[in-house]
Amino acid sequence: MIRMAYEKTRYKAVIAGQTYTIIGRETKHHMDIVTNLINEQLIELKELSPQIDNEQAAILIAVNALSDQLKKQERNLELEEEVTSLKKKMIKFVEMQNRIKRIEVIEEEAREVLKETGQEDREIKNHVEAQQILNEKRKGQIKQQPSN
C-alpha cells in the first residue's frame, strides 16, 4: 500500500543510541536522512567539545538548524521578490516589443503609401512622420468619398 503524503506515519529514529518515535507526514527515506544528519552532527560536536552532553549537543544542533532555516527563509523571500521584479520587467519588455512591432507596421504601411504616390526615394525619419503620411492618405480618402 502506498501512503499518501498527507497521512501521518510513525517513525522509529535512533539518535545517539536512544530510540524515539516520531509521528509526521514525511517519508521513511526523508526521516532516515534527517536521523543520519543528526547523528553525524552529534558525533562532530562531541569530537569538537568532548565535555558537552547529549542534551547540550541537541540544543546546539537545534539552534544551528533554526538559524539555517531562517537564513533559507530570508533567501527564499529575496528570491521571490526578485522573481516578482523580473516578471514586471518581462511584462514591460513584451509591451515594448509589441510597441516596436506596431511602429514597424506603421512605417511599412507608410513606405507602401510613398511607393503608391511615386515617392519611394523619400526617407521616413521616425514613426511620427510615418503616422503623418498615413494620416494624410486617410484624409485624402475621406475627401474623395461622395457626400451623402
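Which residues does the UniProt annotation "coiled-coil region" cover? The annotation, taken from an unreviewed entry, spans residues 63-116. In this predicted model, that stretch is 100% helix and 0% strand. The C-alpha atoms at its two ends lie 79 Å apart.

The protein chain as a whole holds three helices and two strands. Their order from the N terminus is β-β-α-α-α. Both strands thus precede the helices along the protein chain.

Overall dimensions were computed next. The radius of gyration of the protein chain is 36 Å. A compact globule of 148 residues would have a value near 15 Å. Along the principal axes, the C-alpha atoms fill a box of roughly 100 × 40 × 25 Å. For residues 63-116, the end-to-end C-alpha distance is, again, 79 Å.

Burial and contacts were also examined. Of the 148 residues in the protein chain, 14% count as buried, where buried means under 20% relative accessible area. Among contacts with a separation of 6 or more, 16% join residues 24 or more positions apart.

Surface and charge complete the description. The protein chain exposes an accessible surface of about 12700 Å². Carbon and sulfur atoms account for 55% of this area. The side chains include 25 positive and 26 negative ones. The centres of these two sets are 6 Å apart.

Key: Residues numbered from 1 in each chain as written. Predicted model: local features only at pLDDT ≥ 70, side-chain atom pairs only at ≥ 80, totals over all residues. Heavy atoms only, no water. Helix = DSSP H or I, 4+ residues; strand = E, 2+ residues; numbered from the N terminus. Rg over C-alpha atoms; globule rule 2.2 N^0.38 Å. Buried < 20%, exposed > 50% of the residue type's maximum accessible area, 1.4 Å probe, protein only. Contact = heavy atoms within 4.5 Å. Areas by Shrake-Rupley, 256 points an atom, 1.4 Å probe, with all protein chains shown as cover. Lys, Arg positive; Asp, Glu negative; His and termini not counted. Charge placed at Lys NZ, Arg CZ, Asp CG, Glu CD. UniProt positions renumbered as here; feature names shortened; annotations may be inferred.
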